[in-house]
Amino acid sequence: MKLAEALQERADLNRRIQQLQGRLNSNAVVQEGERPPESPKELLRELDGCITQLEALIGQINLTNCRTELEGESLTQLLARRDALKLKLSAYRDLAYSASQLAHRGTRSEIKLLSTVDVKAVQKQVDGMAHDLRLLDNRIQAANWTTELIT
């Protein structure tokens, strides 16, 4: 199985677990004399199986990410860089947006707002980071589809 397939399976298991939790909650309480539409015991058994499966899969994915190298860096390092870059990009985008929201004055007596940062320069940085993020994400995705999952 390729790493990308394992990642898709992990996402499917996470969705399945959320659905099972919802179904469990819906069947946890019934009116006296009624029976739940689904057996909570069976749902719990299915939930436990999915969680056990997810635990094993996460271990395999993490091990594969640690042992897979691209140009001298592990996938784990590249994933950490991608997460940090996403966080930085979000902060810079928010800054560029906030700094460009200058209210228009209706009269001369209204308070004039001035930007404290060079919006154009910040936006240029945002564009560069977005480009770097796309390239990094493409490298990670390519590796995911060519790397065999370590079992």
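**Close-up views of a predicted model**

**View 1. Thr68 counts as buried, at 12% relative accessibility.** This is a predicted model, as are all the views below. Thr68 sits in the loop between helix 2 (40–67) and strand 1 (69–70). A polar atom of the Thr68 side chain lies 2.7 Å from the backbone oxygen of Thr64. Which residues does Thr68 touch, not counting those up to four places away in sequence? They are Glu73, Ser74, Leu75 and Thr147.

**View 2. Glu71 has a positive phi in a residue other than glycine.** The phi value is near 50 degrees. Glu71 is found in the loop between strand 1 and strand 2 (73–74). Is Glu71 buried or exposed? Glu71 is exposed, because its relative accessible area is 74%, and the cut-off for exposed is over 50%.

**View 3. Helix 1 (3–26) has a length that agrees with its residue count.** Helix 1 holds 24 residues. At 1.5 Å a residue, these should span 34 Å. The end C-alpha atoms of helix 1 are 35 Å apart, so the two values agree. Which residues of helix 1 are buried? They are Leu3, Ala4, Ala6, Leu13, Ile17, Leu20 and Leu24. The cover over these buried residues includes helix 2, helix 3 and helix 4.

**View 4. Helix 4 runs over residues 119–146.** What span should its 28 residues have at 1.5 Å a residue? The expected span of helix 4 is 40 Å. Its end C-alpha atoms are 41 Å apart, which agrees. At the start of helix 4, a side-chain oxygen of Asp118 comes to within 3.2 Å of the backbone nitrogen of Lys120.

**View 5. Helix 4 has buried residues that other elements cover.** The buried residues are Val122, Val126, Met129, Ala130, Leu133, Leu136, Ile140, Ala143 and Asn144. The elements covering them include helix 1, strand 1 and helix 3 (75–99). Helix 4 is in turn among the elements that cover the buried residues of helix 1.

**View 6. The largest pocket holds about 220 Å³ of space.** Which elements give two or more residues to its lining? They are helix 1, helix 2, helix 3 and helix 4. Helix 4 supplies the largest share of the lining, four residues. The lining of the largest pocket includes Ala4, Leu7 and Arg10. Ile61, Asn62 and Asn65 are also in the lining, and so are Leu79 and Arg82. Ile140, Gln141, Asn144 and Trp145 line this pocket too. Some lining residues are buried, among them Ala4 in helix 1 and both Ile140 and Asn144 in helix 4.

**View 7. Leu79 lies in helix 3 and lines the largest pocket.** Leu79 touches Asn65 and Ile140, not counting residues up to four places away in sequence. Asn65 and Ile140 also line the largest pocket. How many residues apart along the chain are Leu79 and Gln8? They are 71 residues apart, and their C-alpha atoms are separated by 16 Å.

**View 8. The model has zero disulfides.** A disulfide needs a pair of cysteine sulfur atoms within 2.5 Å. Cys50 and Cys66 can be viewed in terms of accessibility. Cys50 is buried, because its relative accessible area is 8%. Cys66 is partly exposed, because its relative accessible area is 47%. The cut-off for buried is under 20%, and partly exposed runs from there up to the exposed cut-off of over 50%.

Conventions. Residues are numbered from 1 along each chain as its sequence is written. This is a predicted model: local features need pLDDT of at least 70, side-chain atom pairs count only at pLDDT 80 or more; totals for chains, interfaces and linings use all residues. Side-chain values use heavy atoms; hydrogens and water are left out. Buried means under 20% relative accessible area, exposed over 50%, partly exposed in between (1.4 Å probe, protein chains only). A polar contact is a pair of N or O atoms within 3.5 Å; within protein, one must be able to donate a hydrogen and the other to accept it, and residues adjacent in sequence count only if both atoms are side-chain atoms. Contact means heavy atoms within 4.5 Å. The expected span of a helix is 1.5 Å times one less than its number of residues. On a 1 Å grid over the protein atoms alone, a cavity is a set of points where a 1.4 Å probe fits but cannot get out, and a pocket is an open set with protein on both sides within 12 Å along at least five of seven lines; lining residues have an atom within 4 Å of a point. Grid points are joined across faces, edges and corners, and a volume is the space filled by probe spheres set on the points.
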